[in-house]
Amino acid sequence: MELYEKTLSVQPIYDGRIIHAHVDDVELGNGAVTKREVVDHPGGVSVAVLTEKNELIFVRQFRYPYRKVLLELPAGKLETGEDPFEAMKREQLEETGTKGESYVSLGEVYPTPGYCGEIIRLWACRRTERQQELHLDEDEFLDIELIPLDKAVEMVLSNEIPDAKTQIGVLKTAFLVKNRLI
């Protein structure tokens, strides 16, 4: 059987500031027709910023869908037409007040492929400038926390850090540091 689904029709159901949702009629590889609920998202970026002491710079912020504060690597959404690498450097400066060097791509993450087309692009870097003033969006509030890389790995493995992009970023960065690739 062919692993492909042909779009037959698209019915928009929500057009928001960040996301757009639609219900599509699709034809499956076996000829059956079914519906797919889809959320379109512009995508995001995240960066694991290492200090000279191999600490990671984290942000703590309230995440409304979960109704709690999460510990995350700095991240943000892409603006329309924005280059992901430049967006990541922008987010790093805005949320941590730092710039980096020796950027290494950690690849892409598909956080919820069952219904959302969001792609998060990940990087790691070494911090070149100490923290300067933050340039947060007017509706953005966060605290910065430095955590040693080894401790961050322990926190991921004990599920103290449930955020997927952060788990992946921490573990991939730890691999790079262990193998002296960053």
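**Exercise 1. Find the loop that holds R67, then look at its backbone angle.**

Start with the place. In this predicted model, R67 sits in the loop that links strand 5 to strand 6 (68-72). Next, check phi: for R67 the angle is near 60°, a positive value in a residue that isn't glycine. How does that fit the general pattern? Most residues other than glycine have a negative phi. R67 goes against that pattern, with its positive phi.

**Exercise 2. Do the same for N54, and decide whether N54 is buried, partly exposed or exposed.**

Step one, the place: N54 is found in the loop between strand 4 (44-50) and strand 5 (55-63). Step two, the angle: N54 has a phi near 60°, again a positive value in a non-glycine residue. Step three, the surface: the relative accessibility of N54 is 25%, so N54 counts as partly exposed. The reasoning uses two cut-offs, because buried means under 20% and exposed means over 50%.

**Exercise 3. Work out the strand order of the sheet that contains strands 1, 2 and 3, and say which strands are at its edges.**

Begin with the pairs. Strand 1 and strand 2 (residues 20-27) are joined by eight bridges in the antiparallel sense. Strand 2 and strand 3 are also antiparallel, over eight bridges. Put the pairs together and you get an open, antiparallel sheet of three strands in the order 1-2-3. The edges are strand 1 (6-15) and strand 3 (33-40), each of which pairs on one side only. On average, neighbouring strands here are turned by 20° against each other, ignoring direction.

Now pick out some residues to see the pairing in the structure. Y14 stands opposite A21 of strand 2, and D24 stands opposite R36 of strand 3. Finally, look at the hairpin made by strand 2 and strand 3: there are five residues between the strands, and G31 has a positive phi near 95°.

**Exercise 4. Which residues of the largest nonpolar core touch the most other members, and which elements build that core?**

First, the residues. The core has 23 of them, and L56, F58 and V170 touch the most other members. Second, the elements. Those giving two or more residues are strand 4, strand 5, strand 8 (100-109), strand 9 (120-127), helix 2 (149-157) and helix 3 (164-178). Helix 2 gives the largest share, with five residues.

Third, zoom in on V170. Leaving out residues up to four places away in sequence, V170 touches L56, F58, L73, L149, A152, V153 and V156. Don't stop there, though: a second, separate core has nine residues, including I57, A87, W123 and C125.

**Exercise 5. Describe the surroundings of T173: is T173 buried or exposed, and what does T173 touch?**

Locate T173 first: this residue belongs to helix 3. Its relative accessibility is 0%, so T173 counts as buried. Then list the contacts. Beyond residues up to four places away in sequence, T173 touches A48, L50, L56, L106, A124 and L149. The side chain of T173 also has a polar atom 2.7 Å from the backbone oxygen of G169. To finish, compare sequence with space: T173 and P74 are 99 residues apart in sequence, and their C-alpha atoms are 14 Å apart.

**Exercise 6. How many salt bridges does the whole structure have, and which residues does the network with R63 join?**

The idea behind the search is simple. Side chains of opposite charge can pair when their charged atoms come close. Searching the whole structure gives 13 salt bridges.

Take R63 and E72 first: their side chains form a salt bridge with an N to O distance of 2.7 Å. R63 is partly exposed because its relative accessible area is 28%, while E72 is buried because its value is 2%.

Next come D163 and K165, whose closest N and O atoms are 2.7 Å apart in a salt bridge. Both D163 and K165 are buried. Salt bridges with shared partners connect R63, E72, D163 and K165 in one network.

For one more pair, try K77 and E79, which form a salt bridge at 3.5 Å, N to O. K77 has 25% relative accessibility, so K77 counts as partly exposed. E79, at 41%, counts as partly exposed too.

Technical notes. Residues numbered from 1 in each chain as written. Predicted model: local features only at pLDDT ≥ 70, side-chain atom pairs only at ≥ 80, totals over all residues. Heavy atoms only, no water. Helix = DSSP H or I, 4+ residues; strand = E, 2+ residues; numbered from the N terminus. Buried < 20%, exposed > 50% of the residue type's maximum accessible area, 1.4 Å probe, protein only. Pairing = 2+ DSSP bridges. Axes fitted to C-alpha atoms, helices over the stretch in contact; angles between N-to-C directions. Core = buried A, V, L, I, M, F, W, Y, C linked by side-chain atoms within 4.5 Å. Contact = heavy atoms within 4.5 Å. Polar contact = N/O pair within 3.5 Å; in protein donor to acceptor, adjacent residues only side chain to side chain. Salt bridge = Lys/Arg side-chain N within 4 Å of Asp/Glu carboxyl O.
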